[in-house]
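Me: I have a structure to study for class and would like to talk it through. Could you look at it with me?

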Amino acid sequence: MVLRPLAGIRVVDLTVERGEFCGRILSDLGADVIRVEPPGGSPSRTMAPIDADHSLFWTFRNCGKRSVVVDLSNDAECSSLHELIHASDVVIDSAEPGTHVDSGLDAEELSANNPHLIAASITAYGRTGPWAGRDVPNAVVDATGGMAFKAGTHEGGPILPPGNIADDTASFTTAFGILCALWQRNNTGVGQVIDASANECVAQITDWSLSNWSRSADAGEPPPEQRAGPGVVYTIIPCADGFVRLIVLSPRQWHAIRSWLGEPDYLQDPELDTFIGRLMIADAVLNPLYSELFSSMTMAEVSEQAQARGIVCTPFLKPGDVLANPHFESRNTFDHVKISDGRTMKLPSGWFEIDGERCGPVGRPPHVGEHTEEVFASLRCGTGTESRDLEFAETARQWVRSQAAEPQGKALPLRGLRVMDFGHGGVGVECGRMFGEYGADVVKIESRSYVDFIRSVLGGEMSPSFASSNRSKRSLGVNAKTERGLELLLRMVRDADVVIENNSTGTMEDMGLGYGEMSAENPDVVMVSSQLMGSRGLWADWFGYGPNTQVTGGLAHLWNYENHPEPAGNQVIHPDHFAGRVCAVAAMAQLLGQQLLSGRQSQRGTGGAHVEVCQVEQAVSAIGDLLAKESLVPGSVRPRGNHSDHGSPWGLYPCEGDDRWVAICVRNDREWQALVEVMGSPAWAASPELAEEQERRAGEAAVDEKISEWTRTMPNGEVVDVCLAAGVPAGVMHTAGSQSTDAHLEARGYLHHMYQPPIGDMIFEGAAFHASAMDAPDIFPAPGLGEHTREIASEWLGLDDAEIESLISRGVLEIDLAAGD
């Protein structure tokens with residue numbers, strides 16, 4: 001087994017519910033993660049989904065960790081915990097500010113007492129700002145972060161996403177922040193506090209909503225923000241045994257499906273070669289034709305035939321379909337886990353692969369306090385188990401301390417790193433953006449012979465979506481299809497630290513730019529690849545977009561109204577932006593592993609690695625615990641609409657005004673009684689029959705309607721204020737438009753106003769975490785295509801002016817046409 005990159009890093013995990021995934025991610029990457037629980041175990045051990053009194057929520061988020069029990073009211077045990085923290089590298093906590101008053105466990109206090117420590121605080125809204133300290137579950141953050149408003153229909157109302165998208169995103173974003181802080185510490189010897197806001201983490205992945213809305217508003221044309229199911233781009237078409245997602249964007253795709261339809265005369269109008277032209281007849285003509293064509297075929301048959309013709313199409317799978325899918329079986333997407341009663345549970349086997357090996361769980365989830373004695377004994381004796389390689393861990397920490405220098409103020413942690421970004425769309429480019437914002441020199445490699453479709457989606461060479469994901473980068477225009485262009489790119493690799501790509505399977509290899517060629521030029525380069533269905537497996541050659549993975553991973557089926565026979569649909573490209581963060585975490589972990597182990601290469605082999613992130617598996621992992629439940633109890637996992645097993649009542653409720661909604665999530669009977677009082681104790685709510693959650697759940701529809709009658713009488717902000725004042729979790733449902741004036745986002749510095757050449761003023765998404773030793777992210781406008789070609793060719797490639805101009809004239813290098821010659 002290859003040594004995982006974070007071997008030697010020790011993490012103390014204090015989280016409860018929010019952020020538990022962060023420790024799991026670091027554990028999968030090789031860190032020794034020690035979960036601290038109170039006597040009797042963590043509250044998350046009882047969280048839904050439940051199977052036979054066992055929490056699958058806990059199982060999925062705590063595989064591979066060790067568990068120690070600490071009674072914080074016991075001075076001796078509390079002291080032992082602080083000794084453990086002092087001997088560790090990272091602490092992760094999810095307590096809201098002010099919770100750790102007497103225990104000394106607040107992030108700032110831990111950092112002050114342990115200067116080497118990375119203290120990561122993951123809260124709903126961050127440690128600062130008007131909303132700091134709000135104790136709300138992830139569903140409320142889905143609403144305030146801008147994710148919920150995009151799903152469902154205008155008539156049916158918005159739908160909260162299934163699973164735990166808010167927490168998953170916050171966990172991966174915080175993991176990236178932790179890895180950046182560890183990288184920075186290795187150069188300074190000094191730790192810091194990471195202040196992560198789940199709300200801002202979610203807002204960052206809402207499909208460029210803020211950037212597009214703000215650009216349109218600045219142009220005097222603020223777009224209507226109304227739900228329309230799947231919309232006109234990501235169509236859902238019925239077939240013999242279900243539905244498929246069909247996306248026809250390019251003329252080539254249109255010509256392919258027109259041929260499949262038999263080339264009817266009435267579809268030969270050249271205007272239909274344009275997306276807008278097809279849009280005008282989509283509902284009346286095209287979608288009925290597609291439905292008729294697919295009516296006798298299964299989902300798999302339609303998708304396989306479409307993909308063979310070069311058409312983007314994927315099957316709309318239910319949870320049971322996902323678990324039995326032959327492509328996932330061929331990829332070993334799921335671990336088959338035998339449980340005590342003889343049944344087999346299927347758990348997603350991890351988010352990434354390194355050099356062809358899955359970096360999934362390193363062990364089962366721990367029993368309560370299973371490792372208490374061994375962990376604290378190792379501190380007292382200076383010894384530990386070979387399996388955890390504590391000697392190696394201490395060697396790594398001593399190396400870090402040896403690098404200590406005098407603190408030099410805040411800085412961007414990734415200064416000096418060089419990144420080649422071959423990404424397009426929304427996955428690879430988001431990975432590159434994260435590196436660029438934290439100081440790396442990220443060069444977008446592009447050409448007009450194969451332009452990023454998001455760059456050209458509006459007809460020119462810049463769009464708000466492209467600007468959002470490609471700010472903080474430089475652009476090199478180079479035609480890799482020419483012999484000289486390929487030669488120049490391979491020369492660039494020699495000085496690159498990271499290469500990012502999310503092209504279709506085999507594209508980089510076909511160009512002569514696969515990992516084999518890259519590593520031959522630079523054995524230490526870290527290459528990150530992300531393909532729709534992964535680079536191997538039965539459907540490895542399929543291509544598509546984020547919404548295609550959402551349907552095939554089972555997420556879209558569950559993101560629906562309760563008891564609704566047809567998919568409600570959404571206009572969310574998730575998990576594209578999320579997958580970009582997974583790529584960034586894996587790449588950063590690999591770089592950190594190189595740095596920590598630079599003196600121990602004999603234990604590691606070459607310094608570089610090929611990291612792979614399968615996009616559809618990110619959709620699968622988003623509902624991983626729900627799929628585990630389905631594998632144990634077939635047919636048990638179905639769309640719940642806005643209802644949840646985490647509490648009742650729970651959902652989105654209409655308020656005064658047009659399409660204004662509020663999230664209210666009652667987690668227990670105490671919060672229900674508080675809500676009853678807030679509503680004025682009406683007779684229906686004060687009934688003893690609703691005092692317990694089980695009874696409320698039995699009558700959810702009626703309870704929802706009564707609550708809606710109350711919320712409709714007030715603006716959503718007022719509903720939130722009175723609920724929070726009474727201790728009832730609540731939050732407004734934000735759209736991009738309402739986010740643009742949100743006082744909390746403004747106070748946190750999230751709303752980044754900037755002019756983007758050549759299209760105009762926009763609001764860009766700001767930081768999702770603040771860090772006490774890092775400068776604010778370096779956000780500057782996205783480049784024009786080839787805007788920096790001359791300077792990169794000179795600085796990075798060492799070409800003289802005459803050769804650069806010759807290569808431009810021959811079409812090997814390309815420059816920004818808008819900037820002139």
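The conversation below goes from the whole chain to its sheets, cores and loops.

Me: What kind of model is this, and how are residues numbered?
Reply: This is a predicted model, in which local features need pLDDT of at least 70 and side-chain atom pairs count only at pLDDT 80 or more, while totals for chains, interfaces and linings use all residues. Residues are numbered from 1 along each chain as its sequence is written, and side-chain values use heavy atoms, with hydrogens and water left out.

Me: How many helices and strands are there in the chain?
Reply: The chain has 35 helices and 30 strands. Both are DSSP runs numbered from the N terminus: helices are H or I with at least four residues, and strands are E with at least two.

Me: And what does the radius of gyration say?
Reply: The chain has a radius of gyration of 26 Å, which agrees with the value near 28 Å for a compact globule with 821 residues. The radius is taken over C-alpha atoms, and the globule rule is 2.2 Å times the number of residues to the power 0.38. Along the principal axes, the C-alpha trace spans about 75 × 65 × 55 Å.

Me: What percentage of the residues is buried?
Reply: Buried residues make up 61% of the 821 residues. Buried means under 20% relative accessible area, exposed means over 50%, and partly exposed lies in between (1.4 Å probe, protein chains only).

Me: Which residues touch the most other members of the largest nonpolar core?
Reply: They are F176, F435 and I664, in a core of 171 residues. Helix 24 (residues 576–596) gives the largest share of this core, 13 residues. A nonpolar core is a set of buried Ala, Val, Leu, Ile, Met, Phe, Trp, Tyr and Cys residues joined through side-chain atoms within 4.5 Å.

Me: What does F435 touch?
Reply: Leaving out residues up to four places away in sequence, the residues that F435 touches include F176, L414, V442, A584 and L591. Contact means heavy atoms within 4.5 Å. There is also a second, separate core of 31 residues, and L513, W796, I808 and L813 are among them.

Me: Why would such residues gather?
Reply: In soluble globular proteins, nonpolar side chains tend to be buried together.

Me: Changing topic: in what order do the strands of the nine-stranded sheet run?
Reply: The order in this open sheet is 17-16-23-22-21-18-19-20-30, with mixed pairing. Strand 17 (357–358) and strand 30 (813–814) are the edge strands, each pairing on one side only. Two strands pair if DSSP finds at least two bridges between them.

Me: What stands opposite V528?
Reply: V611 in strand 23 does. Strand 22 (residues 526–529) and strand 23 (residues 609–612) pair in the parallel sense over four bridges.

Me: Which strands does helix 19 lie across?
Reply: Helix 19 (residues 483–493) lies across strand 18 (418–421), strand 19 (441–446), strand 20 (474–478) and strand 30, at about 145° to strand 20. Axes are lines fitted to C-alpha atoms, for helices over the stretch in contact, and angles run from 0 to 180 degrees between N-to-C directions.

Me: What about the three-stranded sheet?
Reply: This open sheet has the order 24-25-26 and antiparallel pairing. Strand 24 (650–654) and strand 26 (730–732) each have a single partner strand, so one side of each is left without a neighbour in the sheet. Strand 25 (residues 661–665) pairs with strand 26 over three bridges, and A663 stands opposite G731. Helix 30 (residues 700–711) lies across strand 24 and strand 25.

Me: Where are the cis peptide bonds at P49 and P649?
Reply: One joins A48 and P49, with omega about 5°, and P49 lies in the loop between strand 2 (32–37) and strand 3 (50–51). The other runs from S648 to P649, with omega near 0°, and P649 is in the loop between helix 26 (624–632) and strand 24.

Me: Last one: are A52 and S472 buried or exposed?
Reply: A52 counts as exposed because its relative accessibility is 64%, whereas S472, at 2%, counts as buried. Neither is glycine, and phi is positive in A52, near 50°, and in S472, near 65°.
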